[in-house]
Amino acid sequence: MSNFPGRPTLNNPDLLQSRNFVNGQWITAASGKVIEVHNPATGELVATVPSLSQDETRRAIDAAGRAWPAWRALTAQARSRIVGRIGELMRENREDLAAIMTAEQGKPLVEAQAEIDYAAGFFTWFAGEAERAYGQVLQPSVAGRRILVTKEPIGVFAAITPWNFPAAMITRKAAPGWAAGCTGVIRPASQTPLSALAIAVLAKQAGMPDGVCNVVTGSAEVVGRELTDNPIVRKLSFTGSTEVGRVLLERCAKTIKKTSMELGGNAPFIVFDDADLDAAVKGVMASKFRNTGQTCVCANRILVQDSVYEAFSEKLKTAVEALVVGNGTHTGVTQGPLINQASVNKVEQHIGDTLAKGGRIVTGGKRHSLGGNFFQPTILADVPRHAQIFSEETFGPVAPLFRFNTEQEAIDMANDTPFGLASYFYSRDLGRVFRVAEALEYGIIGINEGLISAPEVPFGGMKESGLGREGGPNGIDEYLEVKYMAIGGLTSSHGKLH
Ligand code: SIN
């Protein structure tokens, strides 16, 4: 029997790498230390990856630093071609990449395939944006002067990414970084490093010069610390919890790095009495149960207006009970496992707290009979506002229903959190659509829409949900410095200052 019983069968086995990619070479840790990658659906060992030391991480940063001058000196068109080609290769290898992702992360294959499309889309989008990093010529306030504004790549970036989107969170950072003319060191989550390493295989195949793309694995304390402390790294992009983001920001303060922080959320999903209830149910299913509830933009609090509360709850119950829980590789499965037992415990704890405070279970509420990391898709009703689930992200398949009476009450409840990433509401009243959208303190507002993620949108949050925007027309600016040149002493052909 293989040492790796969880290893997926691939058309191109080369895509599943158990080494790190540094300076165009595949390397192991000199210490021989490895991290085990397990399938969260079966517990089987999928692969091992190196656990790099601080010195080895530093060497990856040095390689990125050395590669930077030549990479930034290429024309935007030349960089664009390579960046765009990686996206094409991802699409060509979609089935294998999805199989790797399901093996390491657990999401159903159809969702993994959709994530590969989403992830590849960032390469296509930023291949275009590479050519649109425009400068400006400004009107001077002093005669005889000209003012030019240019945009330049910031230098070496580090990307620290989470386990819930093993491909898209890499490409949402690396594609704009490389397109802008930066070189990078990527540290994927230890639970899901294989998708990142597969992207490195494709980057090399696309013609990426050595040192531009580096993927390192290892502990957050060792690898993460070097990425935040090393002065060669000029930019850190992080997706993960607000708690960890705060620590990384503190560390980056020492060398005043530019940062992008895509942190926690506590998304409200408001269903007004004038909403199309069937559309709203579809929206909740897409937002709440995508990736088994493990996204930063998952609806975390479903606020339903009194007069439609029971009708909405009934319709949602029917939809939730149609979900199929199981191993993501099995046909028809729509809900995979949670990532680990700590996540299962948190879900259980949120449910227990809600029940103790007077809420009730509409459906689900228990660990799934499949055992392991599986949990029943759950709806909770009459959830009081002082329940833990009102103020904390569950990151699991639990839809808690809260009641409200007036539009203002819904807005107040929605904004009653330090987080401000995604929010959603359903209404067919145009006046209300604008009133509510403008009152919500969130970076992302889904209006009659439960799926708000796409390469062309500026994704990011307000308040404690983060800093900066990823994707869309703004995403590349996070990797660019603005420089202005004041050119003085210019005279006209008559010798006069203009
Ligand atoms: C996240 O959960 O951090 C990202 C979700 C998305 O891109 O849709």
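User: Which order do the seven strands of the open sheet follow?

Analyst: In general, strands of a sheet pair through backbone hydrogen bonds, either parallel or antiparallel. Here the order is β14-β15-β16-β13-β12-β18-β19, with mixed pairing. Strands (E, at least two residues) and helices (H or I, at least four) are DSSP runs numbered from the N terminus, and two strands pair if DSSP finds at least two bridges between them. Keep in mind that this is a predicted model, where local features need pLDDT of at least 70 and side-chain atom pairs 80 or more, while totals for chains, interfaces and linings use all residues. Residues count from 1 along each chain as its sequence is written, and side-chain values use heavy atoms, without hydrogens or water.

User: Which strands stand at the edges?

Analyst: Those are β14 (360-363) and β19 (444-447). Each has a single partner strand, so one of its sides has no neighbour in the sheet.

User: How do β12 and β18 run where the bridges join them?

Analyst: Parallel: three bridges link β12 (residues 267-271) with β18 (residues 422-426). Look at Phe-269, whose bridge partner in β18 is Tyr-424.

User: Now the pockets. What lines the largest pocket?

Analyst: A pocket is an open set of 1 Å grid points with protein on both sides within 12 Å along at least five of seven lines, and lining residues have an atom within 4 Å of a point. The largest pocket takes up about 1,100 Å³. It has 36 lining residues, with Trp-163, Gly-240, Ser-241, Glu-243 and Val-244 closest to its centre. Elements giving two or more residues are α7 (220-229), β10 (233-239), α8 (242-253) and α11 (341-356). Of these, α8 gives the most, with seven.

User: Which residues lie nearest the centre of the second largest pocket?

Analyst: Glu-111, Ala-114, Ala-286, Arg-290 and Leu-451, out of 16 in its lining. This pocket has a volume of about 360 Å³, and α4 (109-130) and α9 (277-289) each supply at least two lining residues.

User: And how many disulfides does the structure hold?

Analyst: Zero, going by a cut-off of 2.5 Å between two cysteine sulfur atoms. For Cys-213, the nearest cysteine sulfur belongs to Cys-182, 14 Å away.

User: Why is Cys-298 not bonded to Cys-296?

Analyst: Because their sulfurs are 8.5 Å apart, too far for a bond. Cys-298 is buried at 5% relative accessibility, and Cys-213 is buried too, at 3%. Buried means under 20% relative accessible area with a 1.4 Å probe on protein chains only, exposed over 50%, and partly exposed in between.

Methods
On a 1 Å grid over the protein atoms alone, a cavity is a set of points where a 1.4 Å probe fits but cannot get out, and a pocket is an open set with protein on both sides within 12 Å along at least five of seven lines; lining residues have an atom within 4 Å of a point. Grid points are joined across faces, edges and corners, and a volume is the space filled by probe spheres set on the points.
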